[in-house]
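Welcome! Here are some exercises to work through with the structure in view, each followed by a solution in steps.

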Amino acid sequence: SDLTICRRGNQIMKLDVYTKTICPQCTPVKVYMKRNEIEHEMHNIDEDEDAYNKVKELGFQSAPVLVISDETGIVKTSAGREAALAIMEWHKGGLV
């Protein structure tokens with residue numbers, strides 16, 4: 001699939017968000033990202049087996065899952081409430 005890329009200064013970052021169809025913690029994350037026009041790629045683990053396997057491979061069992069990566073690979077991962085907080089921190093210019 002095409003990469004959704006964000007620029008952070010001179011750094012090129014990619015944000016992947018893994019969600020579920022019915023997920024109380026996922027809805028606010030989806031709304032926040034859309035409202036703030038944060039570039040990202042959304043993956044529904046209920047509908048996409050590869051996305052489901054990726055989340056399991058990363059060791060997570062709850063959604064949403066945030067994966068921030070750059071040219072070298074994964075920089076940060078977080079899940080559940082921590083993922084929501086990480087997205088807000090990313091938006092404010094924090095993290096990586």
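## Exercises with worked solutions

To begin with a small landmark, helix H1 is followed by Glu37, a residue with a positive phi near 50°. Please keep in mind that this is a predicted model.

### Exercise 1: The overall layout

Find how many helices and strands the chain holds, and in which order they run.

*Step 1.* Count the elements: the chain has 3 helices and 5 strands.

*Step 2.* Walk along from the N terminus, and the order reads β-β-α-β-α-β-β-α.

*Step 3.* Now look at burial: of the 96 residues in the chain, 42% are buried.

*Step 4.* Turn to the outside, where the chain exposes about 6,000 Å², with 47% of it supplied by carbon and sulfur atoms.

*Step 5.* Finally, take the contacts with a separation of 6 or more: residues 24 or more positions apart account for 58% of them.

### Exercise 2: Two sides of a helix

Work out which residues of H1 are buried and on which side they lie.

*Step 1.* H1 spans residues 26–35, and its buried residues include Cys26, Val29, Tyr32 and Met33.

*Step 2.* These residues cover an arc of only 130° around the axis, so they are on the same side of H1.

*Step 3.* Check the other side of H1, where Lys34 and Arg35 are exposed.

*Step 4.* A general rule helps with the pattern: an α-helix has 3.6 residues a turn, so residues three or four places apart point the same way.

Now repeat the task for H3: which residues are buried there?

*Step 1.* In H3, Ala83, Ala84, Ala86, Ile87 and Trp90 are buried.

*Step 2.* Their arc around the axis is only 160°, which means that they sit on the same side of H3.

*Step 3.* Arg81 and Glu82, on the other side of H3, are exposed.

*Step 4.* Move past the end of H3 to Gly93, which has a positive phi near 100°.

### Exercise 3: The nonpolar cores

Identify the residues of the largest nonpolar core that touch the most other members.

*Step 1.* This core has 14 residues, and those touching the most other members are Leu15, Met33, Ile38, Leu66 and Ile87.

*Step 2.* Ask where the core residues come from: S2, H1, strand S4 (65–70) and helix H3 (81–91) are the elements that give two or more residues.

*Step 3.* H3 gives the largest share, 5 residues.

*Step 4.* Zoom in on Ile87: leaving out residues up to four places away in sequence, Ile87 touches Val17, Val29, Tyr32, Met33, Ile38 and Leu66.

*Step 5.* Apart from this core lies another one of 8 residues, including Ile45, Val55, Val65 and Ala79.

*Step 6.* For background, nonpolar side chains in soluble globular proteins tend to be buried together.

### Exercise 4: The disulfide

Locate the disulfide of this structure and describe its geometry.

*Step 1.* The structure holds 1 disulfide, and the pair that forms it is Cys23 and Cys26.

*Step 2.* Their sulfur atoms are 2.2 Å apart.

*Step 3.* About the S-S bond the angle is 70°, and the link of Cys23 and Cys26 is right-handed.

*Step 4.* Are the two cysteines buried or exposed? Both Cys23 and Cys26 are buried.

### Exercise 5: Three residues in strands

Decide whether Thr19, Lys14 and Val67 are buried or exposed.

*Step 1.* Thr19 lies in strand S2, which covers residues 11–19. The cut-off for buried is under 20% relative accessible area, so Thr19, at 1%, counts as buried.

*Step 2.* Beyond its neighbours within four places in sequence, Thr19 has contacts that include Cys26, Met42, Ile45 and Pro64.

*Step 3.* Lys14 is also found in strand S2, and its 15% relative accessibility is why Lys14 counts as buried. The side chains of Lys14 and Asp16 are joined by a polar contact of 2.4 Å.

*Step 4.* Val67 has its place in strand S4, and because its relative accessibility is 4%, Val67 counts as buried. Outside its neighbours within four places in sequence, Val67 contacts residues including Lys14, Leu15, Leu58 and Ile74.

### Exercise 6: The ends of H2

Find the residue that caps the N-terminal end of H2.

*Step 1.* H2 runs over residues 49–57, and Asp48 is the cap.

*Step 2.* A side-chain oxygen of Asp48 lies 3.0 Å from the backbone nitrogen of Asp50.

*Step 3.* Just after H2 comes Gly59, with a positive phi of about 90°.

Note on methods. Residues are numbered from 1 along each chain as its sequence is written. This is a predicted model: local features need pLDDT of at least 70, side-chain atom pairs count only at pLDDT 80 or more; totals for chains, interfaces and linings use all residues. Side-chain values use heavy atoms; hydrogens and water are left out. Buried means under 20% relative accessible area, exposed over 50%, partly exposed in between (1.4 Å probe, protein chains only). Helices (H or I, at least four residues) and strands (E, at least two) are DSSP runs, numbered from the N terminus. The arc is that of the directions from the helix axis to the C-beta atoms. Contact means heavy atoms within 4.5 Å. A nonpolar core is a set of buried Ala, Val, Leu, Ile, Met, Phe, Trp, Tyr and Cys residues joined through side-chain atoms within 4.5 Å. A disulfide is a pair of cysteine sulfur atoms within 2.5 Å. A polar contact is a pair of N or O atoms within 3.5 Å; within protein, one must be able to donate a hydrogen and the other to accept it, and residues adjacent in sequence count only if both atoms are side-chain atoms. Accessible areas come from the Shrake-Rupley method with a 1.4 Å probe; for residues, only the protein chains shown count as cover.
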